[in-house]
Amino acid sequence: MTGASAATLARWYAQRLQQPEERRHPEVVCTVGRTHYFDQQAVEAFWAAWQEDVGTGLLGAAGRRRGDGRGANGGGPGREQRGKAVAVALQALRQAGGYHRGLAAQLAREHGGVSRTWQRAVNEARIQYEAEQGEGAASAPS
């Protein structure tokens, strides 16, 4: 009816007492297993009040934060952290003279975090490192 996910509905229900009474999510009518059921007319009234007073774009949804759907490429704190990890990985590549197997796991042990996240940073740093090496070879006199 609202198109909201189960997580969003759970959030609306959990935070219902923080809302004005006219925009408060209805109470559970019955529960079967772990599934809550609500009175349809009460839900329709709730939804209409939200759409009129707040607008559907401001409901607040559970789950992922707002973004452009591009992950760390879209900017924000994720991109900043990725940038720092790439800089660390690039420095490690420079010190080692290039890529070697196990670099991501080594960086994860040294700096914390998940090996897979470091692998992504190493992959991005390798592209930069190889571009640097290509530029160095192209600018070297023959």
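**Fold, core and confidence of the predicted chain**

Five helices and two strands make up the secondary structure of the protein chain. The model is predicted. Along the sequence, the elements follow the order α-β-β-α-α-α-α. The chain has 142 residues, of which 23% count as buried. Its exposed surface comes to about 10000 Å². Carbon and sulfur atoms supply 49% of that surface. Among contacts with a separation of 6 or more, 44% link residues 24 or more positions apart.

Confidence varies along the chain. The mean pLDDT is 78, and 76% of the residues reach 70 or more. Among the elements, helix α4 (residues 103-111) has the highest mean pLDDT, at 90. Helix α2 (residues 40-53) has the lowest, at 80. Over residues 57-64, pLDDT stays under 50. The model has 13 contacts beyond four places in sequence for this stretch. Where pLDDT is low, predicted coordinates should not be read in detail.

The two strands form a hairpin with 2 residues between them. Strand β1 (28-32) runs antiparallel to strand β2 (residues 35-38). The two are joined by 4 bridges. Val32 stands opposite Thr35 of β2. In the turn, Gly33 has a positive phi of about 65°.

His25 precedes the hairpin, in the loop between α1 (6-14) and β1. Its relative accessibility is 5%, under the 20% cut-off, so His25 counts as buried. Beyond its neighbours within four places in sequence, His25 is in contact with six residues: Leu9, Trp12, Tyr13, Arg16, Phe38 and Phe46. Of these partners, Leu9, Trp12 and Tyr13 fall within the span of α1 (6-14). Phe38 belongs to β2 (residues 35-38), and Phe46 to α2 (residues 40-53).

The largest nonpolar core has 15 residues. Those with the most contacts inside this core are Leu103, Leu107, Trp118, Val122 and Ala125. Helices α3 (76-96), α4 and α5 (115-139) each give two or more residues to the core. Helix α3 gives the most, with 6 residues.

Val122 illustrates the packing in this region. Leaving out residues up to four places away in sequence, Val122 touches Ala89, Leu93, Tyr99, Leu103, Ala104 and Leu107. Two of these partners, Leu103 and Leu107, are themselves among the core residues with the most contacts.

Definitions and conventions
Residues are numbered from 1 along each chain as its sequence is written. This is a predicted model: local features need pLDDT of at least 70, side-chain atom pairs count only at pLDDT 80 or more; totals for chains, interfaces and linings use all residues. Side-chain values use heavy atoms; hydrogens and water are left out. Buried means under 20% relative accessible area, exposed over 50%, partly exposed in between (1.4 Å probe, protein chains only). Contact means heavy atoms within 4.5 Å. pLDDT is the predictor's confidence in each residue, from 0 to 100. Accessible areas come from the Shrake-Rupley method with a 1.4 Å probe; for residues, only the protein chains shown count as cover. Two strands pair if DSSP finds at least two bridges between them. A nonpolar core is a set of buried Ala, Val, Leu, Ile, Met, Phe, Trp, Tyr and Cys residues joined through side-chain atoms within 4.5 Å.
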